[in-house]
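Reader: Please choose one residue in this model and give me a close look at it. After that, I'd like you to work outwards from there to the rest of the chain.

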Amino acid sequence: MSKHLPAEVVRALPSYLNNPQAVLWDKIDPAVVYVFDLPGDDRHGKLIVRVNYKIKGRAESERFTMLTNSVRTGGAVPQYSLADKHHYEVIDGEL
């Protein structure tokens, strides 16, 4: 079960992303997952970044598709949900 990240964590995301506890690769739904400790909580924070995420849009009268690396979601999750080796591969750090 995932909960929203506290507002103070969202405001300080650059600091959390600069020094994550671990960086994972989501093998099921391709994405980079940044994992960090949440102050005063036994759950971990996670931030999901979609790599080469296609965005479709319209500028004036023309449609376009753009590839981007995009933060798509974040939350507070129990550690066991991140430890599934069939779902996640540790790229850096440790859980």
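Author: Let's begin with lysine 46. Leaving aside its neighbours within four places in sequence, this lysine is in contact with Leu5, Val33, Tyr34, Phe36, Thr73, Gly74, Gly75, Val77, Leu82 and Tyr88, where contact means heavy atoms within 4.5 Å. Before going on, please keep in mind that this is a predicted model, in which local features need pLDDT of at least 70 and side-chain atom pairs count only at pLDDT 80 or more, while totals for chains, interfaces and linings use all residues. Residues are numbered from 1 along each chain as its sequence is written, and side-chain values use heavy atoms, with hydrogens and water left out.

Lysine 46 sits in strand β3, residues 44-59. Strands here are DSSP runs of E with at least two residues, helices are runs of H or I with at least four, and both are numbered from the N terminus. Lysine 46 is buried and yet makes no salt bridge. Buried stands for under 20% relative accessible area, exposed for over 50%, and partly exposed for anything in between, with a 1.4 Å probe and protein chains only. A salt bridge needs a side-chain nitrogen of Lys or Arg within 4 Å of a carboxyl oxygen of Asp or Glu. For lysine 46, the nearest side chain of opposite charge is aspartate 26, which is 6.6 Å away.

One of the partners of lysine 46 deserves its own visit: glycine 74. This glycine is in strand β4 and counts as partly exposed, at 28% relative accessibility. Setting aside residues within four places in sequence, glycine 74 touches Leu5, Lys46 and Leu47. From glycine 74 to valine 35 it is 39 residues in sequence and 9.8 Å in space, C-alpha to C-alpha.

Several contacts of lysine 46, including Val33, Val77, Leu82 and Tyr88, lead us to the nonpolar interior. The largest nonpolar core has nine residues: Ala22, Leu24, Ala31, Val33, Val35, Ile48, Val77, Leu82 and Tyr88. Two elements, β1 (22-26) and β2 (31-37), each give two or more residues to this core, and β2 has the largest share, with three. A nonpolar core is a set of buried Ala, Val, Leu, Ile, Met, Phe, Trp, Tyr and Cys residues joined through side-chain atoms within 4.5 Å. Nonpolar side chains in soluble globular proteins tend to be buried together. The core member isoleucine 48 touches Ala31, Val32, Val33, Ser70, Val71, Arg72 and Thr73, when residues up to four places away in sequence are not counted. A second, separate core holds eight residues, among them Leu5, Leu13, Leu38 and Ala76.

What about charges that do pair up? The whole structure contains two salt bridges. In one, aspartate 29 meets arginine 50 at 3.0 Å, N to O. Aspartate 29 lies in the loop between β1 and β2 and arginine 50 in strand β3, so this pair ties together parts that are 21 residues apart in sequence. Aspartate 29 is partly exposed at 40% relative accessibility, whereas arginine 50 is buried at 16%. In the other, aspartate 41 and arginine 43 bring their closest N and O atoms to 2.6 Å. Both of these are partly exposed, with aspartate 41 at 27% and arginine 43 at 23%.

Two backbone details are worth a look as well. Asparagine 52, in strand β3, has a phi near 55°, a positive value in a residue other than glycine, and is exposed at 52% relative accessible area. Glutamate 60 also has a positive phi, near 55°, but lies in the loop between β3 and β4 (62-77), and counts as exposed at 82%.

Finally, let's step back to the chain. Its two helices and five strands follow one another as α-α-β-β-β-β-β. The C-alpha trace spans about 50 × 30 × 25 Å along its principal axes. Of the 95 residues, 29% are buried. Among contacts with a separation of 6 or more, 48% join residues 24 or more positions apart.

Conventions
Lys, Arg positive; Asp, Glu negative; His and termini not counted.
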